[in-house]
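Dear colleague,

Please find the structure below, handed over for your use. The notes that follow it set out what was found.

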Amino acid sequence: MKKIVALLMAGAMMLSLAGCAQKTTAEGGKEKGVKIGVSAPDLTNVFFIQIKEAMEGALKEGDELIIQDAAGDQNKQMNDVADMISQGCDVILLSAINSEGVRATLEACKEAGVPVIAFNTAVKNPELVHCTVVSDNVEAGKLCAQALADALDGKGKVVEITYSTTEVCYNRQAGFEEEIKNYPDIEIIQTRDVEKAKSDYSQPVMVDFLSANPELDGVFTINDPTARGAIAAIKEAGRMDEIKVVAIDGSDEGKGFIRAGEMVASAAQDPERIGKTCVETAYKIIANETVDANVVIPMSIITAENVGE
């Protein structure tokens, strides 16, 4: 672990002079505006695009966001953050690809004196971040379980497409499983993690579920992109009428699935509020103000009844 941190710091030091140069103006040597780094796990996901846009909207004039897309690659995220340190970022906003594996990256930030705000998902070592901004993901899982149970009239066989390497997705699964216990006639018959929480990875998992389970009534997916893959597989199998799908995000894409009758419900996050809160908290940290260690954003459920609201 120390060796990894050392490598990260070495990479940051190589560009430190450039970072310092960027923090001064040509006249008078005064510092430029605040520089905030953002490491997102997947900027092809509408949810993270909305967070990014909210962060940009909350930024003060003259300040800068340095945004990097880790594209689901933990090593790239590590290198991206090292680059942000070298560029002289005052605060780094990070949504970890792996809640435990991100530790070396967080330790590098601590050694460099750069505070970190974890967003979207908590990390296994919260002492290494100044603040965590997340949705109530356990509640999101419970809301999905209730919606699926209603759609199935309280009975049936269901499967789960999960991604337990991040705290956020683990909590969603835990909430779903906790709530579904209240429906004794609903049985979870299979659960499988995807390599990445994207449709390209969830679709083959759903194909396997369909092949193995001629009797299948419902699917819990970890987010709207994994729901996309599950729905595609169900469509190809000609079983849309018999299998109900629920997901988490409440994105525009998820709402489209609900309007089309392809998904029962999506537990809605508030990406605009998450993004705005992260940037506002970053400014407070820079100003040496006290910030809450944990900020939890409430969830809601979107169904056919309220999708147009």
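I begin with a pair inside one helix. Asp80 and Lys76 both belong to helix H4, where they stand four residues apart, about one turn of the helix. Please bear in mind throughout that this is a predicted model. In general, an α-helix has 3.6 residues a turn, so residues three or four places apart point the same way. Asp80 and Lys76 form a salt bridge, with 3.0 Å between the closest N and O atoms. Is Asp80 buried or exposed? Asp80 is buried, because its relative accessible area is 8%, below the 20% limit for that class. Lys76, at 31% relative accessibility, counts as partly exposed.

Helix H4

The helix that holds this pair has 13 residues. From the first C-alpha of H4 to the last, the span is 19 Å, close to the 18 Å expected at 1.5 Å a residue. Asp80 is one of the buried residues of H4, alongside Gln77, Met78, Val81, Ala82, Met84, Ile85 and Ser86. At the start of H4, Asp73 places a side-chain oxygen within 2.9 Å of the backbone nitrogen of Asn75. Just after H4, Gly88 adopts a positive phi of about 80°.

Positive phi outside glycine

Most residues other than glycine have a negative phi. Two residues of this model deserve mention in that light. Ala71 is not a glycine, yet its phi is positive, at about 55°. Ala71 sits in the loop that runs between strand E2 (64-69) and helix H4 (74-86), and with 39% relative accessibility it counts as partly exposed. Asn288, also not a glycine, has a positive phi of about 60°. The loop between helix H11 (271-286) and strand E11 (294-297) contains Asn288. Asn288 is exposed, because its relative accessible area is 72%, above the 50% limit for that class.

Other salt bridges

Side chains of opposite charge can pair when their charged atoms come close. How many salt bridges does a search of the whole structure find? The search finds eleven, and two more of them are described here.

One salt bridge joins the side chains of Lys124 and Glu167, at 3.3 Å from N to O. Lys124 is in the loop between strand E4 (116-119) and strand E5 (131-135), while Glu167 is in helix H7, so this pair ties together parts that are 43 residues apart in sequence. Lys124 counts as partly exposed at 47% relative accessibility, whereas Glu167 counts as buried at 19%.

Another salt bridge is formed by Asp208 and Arg192, whose closest N and O atoms are 2.9 Å apart. This pair links distant parts of the chain, since Asp208 belongs to helix H8 (residues 199-212) and Arg192 to strand E7 (residues 186-193), 16 residues apart. Asp208 counts as partly exposed at 38% relative accessibility, and Arg192 counts as partly exposed at 31%.

Cavities

The structure contains two cavities of 30 Å³ or more. The largest encloses about 290 Å³ of space. Its lining comprises 23 residues, and those nearest its centre are Pro41, Phe48, Tyr163, Ala197 and Asn223. Helix H3 (46-58) and helix H7 (167-180) are the elements that give two or more residues to this lining. Which element gives the most to the lining of the largest cavity? H7 does, with three residues. By class, the lining of the largest cavity has eleven nonpolar, seven polar and five charged residues.

The second largest cavity has a volume of about 30 Å³. The residues that line the second largest cavity are Thr44, Asn45, Val46, Phe47, Asp224, Pro225, Arg228, Ser251 and Glu253. H3 and helix H9 (224-236) each supply at least two residues of this lining, and H9 gives the most, with three. The lining of the second largest cavity divides into three nonpolar, three polar and three charged residues.

Yours sincerely

Notes:
Residues are numbered from 1 along each chain as its sequence is written. This is a predicted model: local features need pLDDT of at least 70, side-chain atom pairs count only at pLDDT 80 or more; totals for chains, interfaces and linings use all residues. Side-chain values use heavy atoms; hydrogens and water are left out. Buried means under 20% relative accessible area, exposed over 50%, partly exposed in between (1.4 Å probe, protein chains only). The expected span of a helix is 1.5 Å times one less than its number of residues. A polar contact is a pair of N or O atoms within 3.5 Å; within protein, one must be able to donate a hydrogen and the other to accept it, and residues adjacent in sequence count only if both atoms are side-chain atoms. On a 1 Å grid over the protein atoms alone, a cavity is a set of points where a 1.4 Å probe fits but cannot get out, and a pocket is an open set with protein on both sides within 12 Å along at least five of seven lines; lining residues have an atom within 4 Å of a point. Grid points are joined across faces, edges and corners, and a volume is the space filled by probe spheres set on the points. Ala, Val, Leu, Ile, Met, Phe, Trp, Tyr, Cys and Pro count as nonpolar, Asp, Glu, Lys and Arg as charged, and the others, Gly among them, as polar. A salt bridge is a side-chain nitrogen of Lys or Arg within 4 Å of a carboxyl oxygen of Asp or Glu.
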